[in-house]
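Student: Could we go through this complex together? I would like to know what stands behind the words used for it.

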Amino acid sequence: MWSFPRTLSFRGGVHPQPRKQTTRNLAIEPLPLPRRLYLPVQQHIGAPARPLVAAGDRVLKGQVVAAGDGAVSAAVHASTSGQVLAIEPHPAPHPSGLPLLTLVIAPDGADRWVDLPEPDHALSLSREEIARRVAAAGVVGMGGATFPAAVKLNLGTRHAIDTLILNGSECEPYLSCDDRLMREHPGEIIDGARILRQALGAERTLIVVEDNKPEALAALRERLYVADAIQAVAVPTRYPMGSERHIIRAVTGREIPAGQLGADVGVMVHNVATARAVHRAVRHHQPLVSRIVTVGGGAVARPANLEVPLGARVQDLLDHCGGASMAPARLLMGGPMMGQVIPHARVPVVKGSNGVIALTAAETRSADPGPCIRCGRCVAACPSGLTPLEMASRIRAGDLDGAAERGLADCVACGACAYVCPAHLPLVQYFQHARGALADRREQGQHQERIRRLAQRRRERQEAEARAKAEAAAQRKAERAARRQRKTAGKEHETEA
Amino acid sequence: MYAAIPVLTLLGLALGYALGMAGRYLKVEEDPITGEIEALLPGTNCGQCGLPGCVAAAQALARGEAPVTLCPPGGRELARQLAEKLNVQADLSAMEADAGPVFAHIDPERCNGCTRCFKVCPTDAIVGASRQMHAVFPEACNGCGQCVAVCPLQGITLKPPAPSLQGWRWPLPETH
């Protein structure tokens, strides 16, 4: 029997207050259909999807309205039946509030599904067929990373995967959507695990849950057979357990080398909500049209766990939850550690939105940042073994290369360093800024390279054209000369005669 | 006549050998750094640096007569690379003001399809045909501005790219 490593943990990390008590015992309730649905064509990492419908078209629930475009992309489906009102830019759930091409759908209230094939036996399917159905359903990583799940499955065919981990750790404070999912639909998650295991050919499958969710663990264990060879594993509660690198380190003891992926060490991690979406996609041919969202935070009158049709706006969720009891000081999509600050509530819930958190002023950090005193708490807290204070001081001085040398690329932006910083420095923002600036620099370099190549080609082409012209001219000249010679020769002949 | 053949052959061989030797020993050394710099520059010969083309700019840079920030289309990234190559401290403060790359944009209201702009474009970034509207591929445009100068209708402007989610970056936190 295979045994766990002694310590199911990783270095560093923090213990933020979980603050899950308000929502963890609330059953999932469906959100009533809002008046409008806003479906951005990009709800995933990769290339935006290409719209397949036009304004005015009638669509059915589950109909593809935008197809994946390119190697890394995901399809978007109508989350209810109705009419497409417009395809136009709308604010995206992103700190910048910049617009993204969005399909606006007016629901007709019937919520009528498109014709779906009969459910079939999923465990005899080939891995290609499973990946194909997952791609057709537009499933992406639902823990927040939103990487297209089918692309990840195909990654598994290039690497030998021996361990599949289903991530139910839910280490972010406030959030309880995965907890509720595991308690209410353990069978669907386990079936998703079986399908994923079938696609990957993994020998062992683990559903990993933090030990502050005993009910979820019990619900899963009740549904698991010994013969399944799927285990539900409890890990200690420590942030960021939900990070792919750290959950792999904690459960298998394997360390992912810098710049590589879990697949490189033979492990693949999927969120439990992704597993459920895979179950629906492969067994029932149902595309991803809804997700479970925790609505929480001190500024929400009635916190809840909602099953939300994709494209409902944050405002619809807040209204359903009794509105904001007070003006929220900060609105977050996702958890408070890694979630995105959103500028207003008129942005839609997308595939990766696991929470909508409206924080009161008392819940947000109020102190202004002070100077770094080099106490080193961030170094102790960093789960990736980096030196955040050193990286931040270099970035402040504009030395991006210095920050990169200190492992900026290995930062998972978990925010543990900023959480413990007694000077309240926005460390993660420094790192995000530096990454953006380095990406800009890389892109500029590639652009310059392309420009050089194009200029070179043009020069070569112009030279070739000039050469061809000169040759043609020379040939014409030679022909003319030959003609003249023949003529004069003829004349001479005549005179001689 | 027969005497001339060996004499001329010998003469030719001797002179050829002398020339070959002279070519080897009296070779004028070109600073190899010039070539390396030239490889870094865009090669579009747009003249925005005030020098006649990228080769001249590379020579001026190698002699230390031009600042590394001379090339506007290359932007900050090129200045950084040049500073690294020449091992000098780049004073990027002069470039701080410029908001980043710019691309040519053809005003569809004004373009009459005269084809002048795409004939001068050093990177073939403009597509069009006679009496057809022209358009610019931003990914191939270096913002050199040669098309702006030749447009008879003043229909081309250099614009920074429109703000997009992909291009959005976190700002540096404000320091105290």
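Tutor: Here is a short conversation about terms and the values behind them.

Tutor: This is a predicted model, in which local features need pLDDT of at least 70 and side-chain atom pairs count only at pLDDT 80 or more, while totals for chains, interfaces and linings use all residues. Residues are numbered from 1 along each chain as its sequence is written, and chains are lettered from A and ligands numbered from 1 in the order in which they are written.

Student: What makes strand E15 and strand E17 of chain A a pair?

Tutor: Strands (E, at least two residues) and helices (H or I, at least four) are DSSP runs, numbered from the N terminus. Two strands pair if DSSP finds at least two bridges between them. E15 (residues 330–333) and E17 (residues 355–359) of chain A are joined by 4 bridges, so they pair by that rule. The two run antiparallel, and Leu332(A) stands opposite Ile357(A) in E17(A).

Student: Why are E1 and E16 of chain A called edge strands?

Tutor: The open sheet of chain A has 6 strands in the order E1-E14-E13-E17-E15-E16, with mixed pairing. Strand E1 (28–30) and strand E16 (340–341) each pair on one side only.

Student: What lies across this sheet?

Tutor: Helix H4 (residues 177–184) of chain A lies across E1, E13, E14 and E17, at about 125 degrees to E13(A). Axes are lines fitted to C-alpha atoms, for helices over the stretch in contact, and angles run from 0 to 180 degrees between N-to-C directions.

Student: How many residues of chain B are in contact with chain A?

Tutor: Contact requires C-beta atoms, placed from the backbone, within 7 Å. By this criterion, 25 residues of chain B are in contact with 29 residues of chain A. The chain B side has 12 nonpolar, 9 polar and 4 charged residues. Ala, Val, Leu, Ile, Met, Phe, Trp, Tyr, Cys and Pro count as nonpolar, Asp, Glu, Lys and Arg as charged, and the others, Gly among them, as polar.

Student: Which helix of chain B has the lowest mean pLDDT?

Tutor: pLDDT is the predictor's confidence in each residue, from 0 to 100. Among the elements of chain B, helix H5 (residues 93–96) has the lowest mean, 60, and helix H1 (residues 4–25) the highest, 94. Chain B as a whole has a mean of 86, with 94% of its residues at 70 or more. Where pLDDT is low, the predicted coordinates should not be read in detail. For the complex, the predictor gives an ipTM of 0.79 and a pTM of 0.85.

Note on methods:
Contact = placed C-beta atoms within 7 Å.
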